[in-house]
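Open the model in your viewer and keep the selection tool at hand. Each stop below tells you what to pick next and what is there.

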Amino acid sequence: MAQASEARVIAHGGGVWSMRVPIPDNPLGYTLVHLMETDRGPVLIDTGWDDPGSWDTLVAGIAACGAEVGDVHGVLITHHHPDHHGLSAKVREASGAWIALHDADADVVRRTREHAPARWYGYMADKLAAAGAPAEHVAPLLAARDAGRTPRLPGLAPALPDRSIVPGELLPLAGRRLRAIWTPGHTPGHVCLHLEEAHPAGLPGHGRLFSGDHLLPGITPHIGLYEDPDDATAVAPSPSSRPRPSGGDPLGDYLDSLERVGRLGVAEVLPAHQHAFTEARPRVRELLTHHEERLTQLRTLLTEPRTPWQLAEHMQWNRPWADIPYGSRNIAVSEAEAHLRRLVKLGRAEAVAGSDPVTYVACGA
Ligand SMILES: [Zn+2]
Ligand SMILES: [Zn+2]
């Protein structure tokens with residue numbers, strides 16, 4: 001029987017290892033933290049969830065790779081989520097390592113650290129009201145804002161990075177060829193890291209890809225609106241026009257990023273959850289088809305006008321809407337909004353003029 005504290009280190013060859021760092025009380029189970037040797041010492045790709053048990057597992061995992069946490073030279077973070085960036089500050093404290101993150105996710109980290117919880121609650125309440133959430137769903141957020149409550153969530157003080165991961169460039173790592181590929185979608189600053197070295201087992205293809213949450217063998221990553229309380233369109237409510245978060249077109253970004261990663265023709269993918277796999281191109285095609293089908297389904301649901309909330313209620317989830325807990329409903333609505341954004345961009349749906357909260361209806365061919 002596997003124990004939660006066991007890191008289960010796998011040697012992938014060519015000076016690359018992975019270890020399972022547990023995410024407590026989460027169906028994902030663990031983050032695959034990767035360790036890569038360089039001529040200056042080991043570099044970590046992601047660090048895992050900030051929890052004492054996860055920290056112990058990470059330390060034990062690094063030891064099983066033949067190094068010590070104090071030896072870690074640098075930390076490369078695929079994206080700011082707490083199951084990836086959570087332990088970065090602890091690693092830096094223990095080793096003096098630098099932490100590198102893409103600027104767009106570094107901005108998210110900075111905002112998370114700076115914003116008073118009240119601002120965040122207010123932003124979420126406005127956003128949900130604008131999406132058509134019923135008053136009873138928004139009420140707890142307004143109550144929390146007015147009571148000055150502090151949310152009990154991990155990752156509220158994530159580590160500020162020391163360096164930027166600059167897309168397209170080779171990272172300055174002694175003795176290695178690792179190139180950052182910007183893959184926005186799951187987060188605005190998500191990166192994949194392409195190890196442009198021959199596969200150690202001679203598998204055909206162009207190197208290996210540390211794919212973070214962008215490309216996973218059996219899960220579709222969550223794509224919601226990019227959340228930004230500083231976005232002027234989201235924080236300037238007026239009685240006549242409700243605030244409407246802009247948040248770009250994350251699903252469009254994601255699909256573009258997928259195609260870009262598919263074109264790399266990598267021999268093997270080393271993702272941050274589940275397991276390593278070799279079929280990168282077929283998996284990319286599968287995900288593109290999945291999203292195309294989902295967009296078509298959603299467009300069918302828009303034969304009658306619906307708010308993002310109403311669309312989320314009618315979308316297919318892994319359980320009936322009535323059984324989806326509060327926090328997951330917020331994530332579901334954000335996902336519905338990301339899909340609406342895409343349909344509008346493609347000319348397959350449009351906002352109904354004068355609707356408040358805004359409703360969307362199918363249009364075009
Ligand atoms: Zn993530
Ligand atoms: Zn993740």
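## Helix 8 against helix 9

Start with the contact between two helices: L251, L255, L258, V261 and G262 of helix 8 face A280, R281, V284, L287, L288 and H291 of helix 9. This is a predicted model. Colour the contact residues by class. You will find 8 nonpolar, 2 polar and 1 charged.

Now show both helices whole. Helix 8 covers residues 250-262, and its axis comes within 9 Å of the axis of helix 9. The two axes cross at roughly 160°. That is over the 145 degrees cut-off, so helix 8 is roughly antiparallel to helix 9. The crossing is left-handed.

## Helix 9 against helix 11

Keep helix 9, residues 280-301, and add helix 11, residues 326-345. Here the axes come within 10 Å and cross at roughly 85°. Helix 9 is therefore roughly perpendicular to helix 11.

Select R294, L295, L298 and R299 on helix 9, then H339, R342 and L343 on helix 11. These residues make the contact. What is its make-up by class? It has 3 nonpolar, 1 polar and 3 charged residues.

## Strands 10 and 11

Go to strand 11, residues 268-271. Is it covered or open on its two faces? Both faces are covered. E268 and L270 are buried on one side, V269 and P271 on the other. In general, side chains in a regular strand alternate between the two faces of the sheet.

Add strand 10, residues 208-212. It pairs with strand 11 in the parallel sense, over 4 bridges. Pick R208 to see one bridge: its partner in strand 11 is E268.

Next, step into the loop between strand 11 and helix 9 and select Q274. Its phi is positive, about 65°, and it is not a glycine. Most residues other than glycine have a negative phi. Is Q274 buried or partly exposed? It counts as partly exposed, because it has 14 C-beta neighbours inside 10 Å.

## The open sheet

Now select the sheet of 7 strands. It is open, its order is 1-2-3-4-5-6-7, and its pairing is mixed. Find the edges: strand 1 (10-11) and strand 7 (163-164) each pair on one side only.

Zoom in on strand 1. It runs antiparallel to strand 2, residues 16-22, and 2 bridges join them. A11 stands opposite W17 of strand 2.

Two helices are worth adding here. Helix 1, residues 52-64, lies across strand 2 and strand 3 (30-36). It runs at about 160° to strand 2. Helix 3, residues 88-95, packs on the sheet and touches strand 4 (43-45), strand 5 (74-76) and strand 6 (98-101). Its direction makes about 165° with that of strand 5.

From strand 4, follow the chain into the loop that leads to helix 1 and select D46. This residue also has a positive phi, about 70°, without being a glycine. What surrounds D46? It is buried, with 25 other C-beta atoms within 10 Å.

## Last stop: a cis bond

Select D356 and P357. The peptide bond from D356 to P357 is cis, with omega near -5°. Most peptide bonds are trans. Where does P357 lie? Look in the loop between strand 12 (349-351) and strand 13 (360-362).

Technical notes
Residues are numbered from 1 along each chain as its sequence is written. Chains are lettered from A and ligands numbered from 1 in the order in which they are written. This is a predicted model: local features need pLDDT of at least 70, side-chain atom pairs count only at pLDDT 80 or more; totals for chains, interfaces and linings use all residues. Two strands pair if DSSP finds at least two bridges between them. Two residues are in contact if their C-beta atoms, placed from the backbone, lie within 7 Å. Axes are lines fitted to C-alpha atoms, for helices over the stretch in contact, and angles run from 0 to 180 degrees between N-to-C directions. Angles under 35 degrees count as roughly parallel, over 145 as roughly antiparallel, 65 to 115 as roughly perpendicular and the rest as oblique. Ala, Val, Leu, Ile, Met, Phe, Trp, Tyr, Cys and Pro count as nonpolar, Asp, Glu, Lys and Arg as charged, and the others, Gly among them, as polar. A crossing is left-handed if the near helix is turned anticlockwise from the far one by less than a right angle, and right-handed if clockwise. A residue is buried if 20 or more other C-beta atoms lie within 10 Å of its own, exposed if 12 or fewer, and partly exposed in between; C-beta atoms are placed from the backbone.
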